[in-house]
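Subject: Structure for you to look through

Dear colleague,

I am handing over the structure we spoke about, and I would be glad if you read these notes with it open beside you.

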Amino acid sequence: MPAPFGAPVVVSDLDTGEPGVDVAPDGMIYINAPAGLFGPSYLWRSSDGVDWVPTPAGARNSAPGGGDSDVAVDPAGAVYMTDLYLGSATVSSSRDQGRTWSTNALQGTLVQDRQWIATTGRGVVYHLTHQVPTGLVVAKSTDGGRTFLRTTVAATLLDQTSCVCQAGTMVARAGAVTAGATDEVGFVYATSSGGVKFARSTNGAASFTNATVSPASDADTTAAMPVVASRGGDDLVAVWQESFTSGSRVRLSRSGDFGRTWTAPVTVVSGGTSLYPWVDGRGAKVAISLYHTDVAGSPATMPKETRWYEAFLESTDGGTTFTGMEVLDPLPVKTGPICTAGVNCGSDRELLDFQSVAVDALGRANVAWTRSIDNAVNTEIRFARQT
């Protein structure tokens, strides 16, 4: 059985969702979430997972943001944050745990959607976004996010099999050259043909090749963004959701050569209905968190009494075998239908599009999720960590 989790705590009741969780090398935990389109997105920190402090926006107040957000922490503890707004994104950095910020109000890629950020340290920052209609674009900075002077189309609309959809998450590994010329960079994405692919660079995002993680199928892989994580070195693990009218399943694949080749996909969660799986790893440990209900069907048409819960499972052998799934919180995250159509949803979208997990240096899973308080607009961010 996995190590037990501490009691869930409320990070915030600010009616937001999509909490991303990251753990710095010094053990500081960060959770980010969007604020809407009229102010900088939120970032909280905690040294113990119990007491949470909202970090001041500082210079981020003078820059646009509030849409999708993401955070990356480099090996020296510097925090990088990307904050989407209509047109582009603001990229900010902090070297004092979010107390003060330096801000670049124009990341540079225009007409973008659902962006992610990664860093290999030494001031090298990678920024991934979906640019309509170009495709999935990676920009690189070598000055800590102040400028992004090189942009590369990593996956075209053709690579996505004409899927006008967002990218999944990104990973980056430092190479031997200070400017990041030999960094390995990659990300996962879904295709309109029921598959999952990985865009991979071994030259610091100067060019990319695309590999198949999961081949075309009769499933829908676009209802949730696929997620990729590094276990260290060239060992990667990817998780994604396959949706059917009768329910869904969560699948996993592993790579030992930074995404050049992938193992045959395996199903790690079946039965009932799963939503928005996330994965992280460190060494032999692979942790997966997700929303789940025992009721099988389409999330958007679930009976009103359906209860969804935050759930977790893990592997201690690198993703070969997994424990049974456990519920982390006795309180349901929501009851009834959940809309997965993004901005096209008229209601039932208060959980937004993901929850997340991060494995810290001690091998503990840190999980952050959204709970709908009233099945309407009032939500809270909740967190639990393995003891």
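Below I go through one sheet, then the nonpolar cores, and then the salt bridges.

Please keep in mind from the start that this is a predicted model.

The sheet

A good place to begin is an open sheet of four strands, whose order is β1-β29-β28-β27 and whose pairing is antiparallel. As a general background, strands of a sheet pair through backbone hydrogen bonds, in either a parallel or an antiparallel way. Two strands form the edges here, namely β1 (9-12) and β27 (356-359), and each of them pairs on one side only. If the direction of turning is ignored, neighbouring strands of this sheet are turned by 30 degrees against each other on average.

It helps to walk across the sheet from one edge to the other. β1 is joined to β29 by three bridges, and the two run antiparallel; in this pairing V9 stands opposite F383 of β29. Between β28 and β29, which also run antiparallel, there are seven bridges, and here A368 has F383 in β29 as its bridge partner. F383 therefore has a bridge partner in this pair and also stands opposite V9. On the far side, β27 pairs with β28 (residues 365-372) in the antiparallel sense over four bridges, and V357 has V367 in β28 as its bridge partner.

The connection between β28 and β29 is a hairpin with six residues between the strands, and within this hairpin N375 takes a positive phi near 60 degrees.

How many residues of β29 are buried? Strand β29 (residues 379-385) is mostly covered, with seven of its seven residues buried. The cover extends to both faces, since T379, I381, F383 and R385 are buried on one side and E380, R382 and A384 are buried on the other.

The nonpolar cores

In soluble globular proteins, nonpolar side chains tend to be buried together. The largest nonpolar core of this model has 53 residues, and among those with the most contacts inside it are L128, F187 and F312. Strand β23 (residues 285-293) gives the most to this core, contributing five residues. There is also a second, separate core of 13 residues, which includes V9, V23, I29 and A358.

The salt bridges

The structure holds 16 salt bridges, and a few of them are worth finding for yourself. The side chains of D68 and R114 meet in one of them, at 3.8 Å from N to O. This pair links distant parts of the chain, with D68 in the loop between β5 (53-54) and β6 (69-73) and R114 in strand β10 (residues 112-121), 46 residues apart. Are these two residues buried or exposed? D68 is buried because its relative accessible area is 14%, which is under the 20% limit for a buried residue, and R114 is buried as well, with a relative accessible area of 1%.

In another salt bridge, R249 and E242 have their closest N and O atoms 2.7 Å apart. Here R249 counts as partly exposed at 27% relative accessibility, whereas E242 counts as buried at 2%. R231 forms a salt bridge with D235, with 3.8 Å between the closest N and O atoms, and D235 is partly exposed, with a relative accessible area of 29%.

Lastly, D329, R371, E380 and R382 are linked in a network of salt bridges; of these, E380 and R382 are buried residues of β29.

With best wishes

Key:
Residues numbered from 1 in each chain as written. Predicted model: local features only at pLDDT ≥ 70, side-chain atom pairs only at ≥ 80, totals over all residues. Heavy atoms only, no water. Pairing = 2+ DSSP bridges. Axes fitted to C-alpha atoms, helices over the stretch in contact; angles between N-to-C directions. Core = buried A, V, L, I, M, F, W, Y, C linked by side-chain atoms within 4.5 Å. Buried < 20%, exposed > 50% of the residue type's maximum accessible area, 1.4 Å probe, protein only. Salt bridge = Lys/Arg side-chain N within 4 Å of Asp/Glu carboxyl O.
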